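Biologist: I am new to this structure and should be grateful for a close look at a single part of the model. Please describe one strand and its surroundings in a connected account.

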Amino acid sequence: MQVVSDIASLKSIIEEKKQKGLSIGFVPTMGFLHEGHLFLMRMAKAENDFMVISIFVNPLQFGAGEDYEEYPRDLERDTKMAGSAGCDLIFSPTVKEMYPPGYATFVQVEKLTEGLCGASRPGHFLGVTTVVAKLFNLVRPDRAYFGQKDAQQAFVLKKMVEDLNMNLKVIVLPTVREPDGLAMSSRNKYLTPEQRKEAVVIYRSLREAEEQIRKGEREAGIIKENISKLILQAKHARVDYVEIVDSKELHPVSIIKDRCLIAVAAKFGKTRLIDNVLVEV
Ligand code: AMP
């Protein structure tokens, strides 16, 4: 496995693989890898000849006062883990390499980015689409792999690929969870032991919502209220949003008629966690 941090080296390795006709699978990450990332990587490895990951904590997708500085970083640990998942190449650029002085080009997906995390983190998706568009241009993957945990991100990136006629397939894989149900996330590291125990309430509330729907409840308001109530029973929890949206436009629904996404963002202390479930009706 190779680790490169400059664009010129990355381009020349990719060109060589393309010349040989190898297919490329790509997993963009911000590092501090966990089983969720490794799951995407194993799939990327299984479905492609050459597997590339990027590790880049992208300042553009963090708002003022968010955790850009504190975001956990450990390239040595990540390199070992990625190697164990069959990674062939890690691209780990500096901020200056990605955004040199005078950088002025941004990619924006409209509409899908307005609600959910887009509403509570203005500018976040502009940062995501810009960096992922750049990474796609550099890595030139046949297939790129993303997690359902960041459901809105996956929707937005699929739309970007479609609208900009990018020549790759976006593959979205299910959320990998801790044994107690908490969605794996690099940010779980910030939680105190007490907050960590409490945080399981997010998934529990989503499961309960699924159960309510299964039993026939269709009023989104009632389901959302129940989710919030459950989460707020945890001492350190604050709800950022609880939303039920359709699974095409991500518009809030009041009556559940079709496949929908139930999405939650909640803070435990300073740590903002997100999770979601897709519900078939
Ligand atoms: P991140 O490093 O948090 O930006 O995540 C990189 C990729 O891994 C994104 O596509 C995420 O959706 C995905 N991912 C993060 N956590 C999980 C998880 N628990 N299960 C599956 N995929 C995940």
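Modeller: What follows concerns strand S3 in this predicted model, its neighbouring strands, and then the ligand.

Strand S3 covers residues 50–55, and 6 of its 6 residues are buried, so the strand is largely enclosed by the rest of the structure. In a regular strand, side chains alternate between the two faces of the sheet. In S3, Phe50, Val52 and Ser54 point one way, while Met51, Ile53 and Ile55 point the other way, and all of them are buried.

S3 runs parallel to S2, to which 6 bridges join it. Here Phe26 stands opposite Val52. S3 also pairs with strand S4 (residues 89–91), again in the parallel sense, over 3 bridges. The partner of Val52 in S4 is Leu89. Helices connect these strands into two units. S2, H2 and S3 form a right-handed β-α-β unit, and S3, helix H3 (residues 75–84) and S4 form a right-handed β-α-β unit as well.

The account now turns to the ligand. Of the 17 residues around the ligand, Met30, His37, Asp150, Val176 and Met184 come nearest. A backbone N or O atom of Val176 lies 2.8 Å from a nitrogen atom of the ligand, and a polar backbone atom of Met184 is 2.9 Å from a ligand nitrogen atom. Strand S2 (24–29), helix H2 (35–47) and strand S5 (143–147) are the elements that each give two or more residues to the shell around the ligand. H2 gives the most, with 3 residues. By class, the shell holds 8 nonpolar, 7 polar and 2 charged residues.

Note on methods
Residues numbered from 1 in each chain as written. Predicted model: local features only at pLDDT ≥ 70, side-chain atom pairs only at ≥ 80, totals over all residues. Heavy atoms only, no water. Near = heavy atom within 4 Å. Polar contact = N/O pair within 3.5 Å; in protein donor to acceptor, adjacent residues only side chain to side chain. Helix = DSSP H or I, 4+ residues; strand = E, 2+ residues; numbered from the N terminus. Nonpolar A, V, L, I, M, F, W, Y, C, P; charged D, E, K, R; others polar. Buried < 20%, exposed > 50% of the residue type's maximum accessible area, 1.4 Å probe, protein only. Pairing = 2+ DSSP bridges. Right-handed = clockwise from strand over helix to strand, strands pointing away.
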